[in-house]
Amino acid sequence: MEIVTAREFRSNQGKFLTAAMKGQSVILTSRYGNFKITPITEDDSITTRICEGLKEIKLIESGKLPSKSARSFIDEL
């Protein structure tokens with residue numbers, strides 16, 4: 001585990017992001033609190049939802065899915 005200050009993180013972002021990608025715990029301390037730096041994986045639900053949304057946009061742009069107006073989208077909710 002590596003504990004770094006916000007200033008140290010800003011100066012060496014690549015080093016700490018690479019360490020996190022390799023599975024090392026990186027803790028960032030700042031006046032706003034403490035944060036754990038972890039990479040996003042495909043298992044993260046938000047990442048999955050964003051990827052699915054981007055695929056839908058590509059299908060709409062290619063004409064394979066119908067586009068919807070904001071009003072019809074809200075009506076479905």
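How many residues lie between S2 and S3 in the hairpin they form? The views below take up this question and a few others, using a predicted model.

**View 1. Strands S2 and S3 make a hairpin.** Two residues sit between the strands, which answers the opening question. S2 and S3 (residues 33-37) run antiparallel, and five bridges join them. If you would like one pairing to look for, take Thr29, whose bridge partner in S3 is Asn34.

**View 2. Eight residues build the largest nonpolar core.** Here you can pick out Val4, Phe9, Phe16, Ala19, Ala20, Val26, Leu28 and Ile37. At least two of these residues come from helix H2 (13-21), and at least two from strand S2 (26-30). H2 is the top contributor, giving three residues to the core. As background, nonpolar side chains in soluble globular proteins tend to be buried together.

**View 3. Val26 and its contacts beyond the neighbouring sequence.** Set aside the residues within four places of Val26 in sequence, and its contacts are Glu2, Val4, Phe16, Ala19, Ala20, Phe35, Lys36 and Ile37. Val26 also belongs to the largest nonpolar core, as do Val4, Phe16, Ala19, Ala20 and Ile37.

**View 4. A nonpolar patch on the surface.** Which residues form this patch? They are Ile46, Ile50, Leu54 and Ile57, and together they have about 380 Å² of accessible area. Leu54 is a handy place to start: look for it in helix H3 (residues 45-61). Leu54 counts as partly exposed because its relative accessibility is 48%, and that class ends at 50%, over which a residue is exposed.

Note on methods. Residues are numbered from 1 along each chain as its sequence is written. This is a predicted model: local features need pLDDT of at least 70, side-chain atom pairs count only at pLDDT 80 or more; totals for chains, interfaces and linings use all residues. Side-chain values use heavy atoms; hydrogens and water are left out. Patches are made of residues with over 30% relative accessible area and no salt bridge: like charges are joined within 9 Å, nonpolar side chains (Val, Leu, Ile, Met, Phe, Trp, Tyr) within 5 Å. Accessible areas come from the Shrake-Rupley method with a 1.4 Å probe; for residues, only the protein chains shown count as cover. A salt bridge is a side-chain nitrogen of Lys or Arg within 4 Å of a carboxyl oxygen of Asp or Glu. Helices (H or I, at least four residues) and strands (E, at least two) are DSSP runs, numbered from the N terminus. Buried means under 20% relative accessible area, exposed over 50%, partly exposed in between (1.4 Å probe, protein chains only). A nonpolar core is a set of buried Ala, Val, Leu, Ile, Met, Phe, Trp, Tyr and Cys residues joined through side-chain atoms within 4.5 Å. Contact means heavy atoms within 4.5 Å. Two strands pair if DSSP finds at least two bridges between them.
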